[in-house]
Structures are given as C-alpha cells and as structure tokens.
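Hi there,

Here is the structure I promised to pass on to you. Have a look at it first, and then read on for what turned up.

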Amino acid sequence: MRPSSHHVTRCRCHAAICWALTSANGRRQPVDAEPTTAGNLAVMQGADGVLYVRSVTVARPEIRPGEWQAMPHHATCSNPPPRRSSGPGQRQRSGVRPVPWQGRQS
Ligand SMILES: [Zn+2]
C-alpha cells in the first residue's frame, strides 16, 4: 500500500509528506509519503478517509493489510520548523567564560 495522491503534500523542505493522526493520541504527525521498510510507523487510511499512524513496536511488528510502513518526517526533514523556545529577540549569550580553576596546589 501507499498513500493516495490527494494525501500527499509538500513540507517546507519540499519533501513529499502525508499528514496522519496518531492512533495513540490523535495528534497530527507528518510522515514521509514514500513507504519504506526502514520506518517505524504503520500508516493506514481509515474508513473516514483520514490517515492514521501507529508505531510499529516489538509487540506489534507486523504490517497489516491496508497499512504501509513509513518513516516519521521529523527524522528526515532538512528544514524543520524553528523551535518556539528560541523566540525572536532572545539571543543566546555567548562568551561566558568558565572561571579559571584556582586553589589547586601541586
Ligand atoms: Zn520537511
């Protein structure tokens, strides 16, 4: 199996991805559109037409009919969105020198 073309979109890094909902908590997660046996995810299209993704685990390693194996796009994205923690105007201070280690007598 592989994703239907209408599910495939482009990431900002121009890679072909699909958005899928995690079966664990219903969050949207980008997965690579190209199936790969190296991926640790199993993606399937639900009866509602939505893609669902679950982790392939040791306990459930099999890929079931209708599923395909995919890589999370986080693992391959070459242009990930900036982290919110480093917002604009918050520049990391550099040049803080470690205090020279004194008091050691040899
Ligand atoms: Zn990307």
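How many bridges join β2 to strand β5, and do the two run parallel or antiparallel? There are two bridges between β2 and β5 (residues 51-55), and these strands run parallel. One position to look for is Leu21, whose bridge partner in β5 is Tyr52. Please keep in mind that this is a predicted model.

Now for the overall layout. The chain contains six strands and one helix. Reading from the N terminus, you meet them in the order β-β-β-β-β-β-α. The chain has 106 residues, and 14% of them count as buried. If you take the contacts with a separation of 6 or more, 58% come from residues 24 or more positions apart.

β5 has another partner besides β2. It pairs with β4 in the antiparallel sense, over five bridges. Within this pairing, Val43 stands opposite Val53 of β5. β4 and β5 form a hairpin with five residues between the strands, and Gly49 in this hairpin has a positive phi near 85°.

Next, the inside. Which residues make up the largest nonpolar core? It has 10 residues: Ile17, Cys18, Ala20, Val31, Ala33, Leu41, Ala42, Val43, Val53 and Ala70. Two strands, β2 (16-22) and β4 (41-45), each supply at least two residues of this core. Ala20 is a good place to start exploring. Leaving aside residues up to four places away in sequence, Ala20 touches Gln29, Val31, Val43, Leu51, Tyr52 and Val53.

Two residues outside the strands are also worth a click. His14 sits in the loop between β1 (8-10) and β2. Is His14 buried or exposed? It is exposed, because there are 9 other C-beta atoms within 10 Å, and a residue counts as exposed with 12 or fewer. The backbone of His14 is unusual in sign: its phi is near 75°, a positive value in a residue other than glycine. For background, most residues other than glycine have a negative phi.

The other residue is Pro81, found in the segment after α1 (73-76). Pro81 counts as exposed because it has 8 C-beta neighbours inside 10 Å. Try finding Cys13 from there: Pro81 and Cys13 are 68 residues apart in sequence, and their C-alpha atoms are 9.7 Å apart in space.

Enjoy exploring, and write back with any questions!

Best wishes

Note on methods. Residues are numbered from 1 along each chain as its sequence is written. This is a predicted model: local features need pLDDT of at least 70, side-chain atom pairs count only at pLDDT 80 or more; totals for chains, interfaces and linings use all residues. Helices (H or I, at least four residues) and strands (E, at least two) are DSSP runs, numbered from the N terminus. A residue is buried if 20 or more other C-beta atoms lie within 10 Å of its own, exposed if 12 or fewer, and partly exposed in between; C-beta atoms are placed from the backbone. Two residues are in contact if their C-beta atoms, placed from the backbone, lie within 7 Å. A nonpolar core is a set of buried Ala, Val, Leu, Ile, Met, Phe, Trp, Tyr and Cys residues joined through C-beta atoms within 7 Å. Two strands pair if DSSP finds at least two bridges between them.
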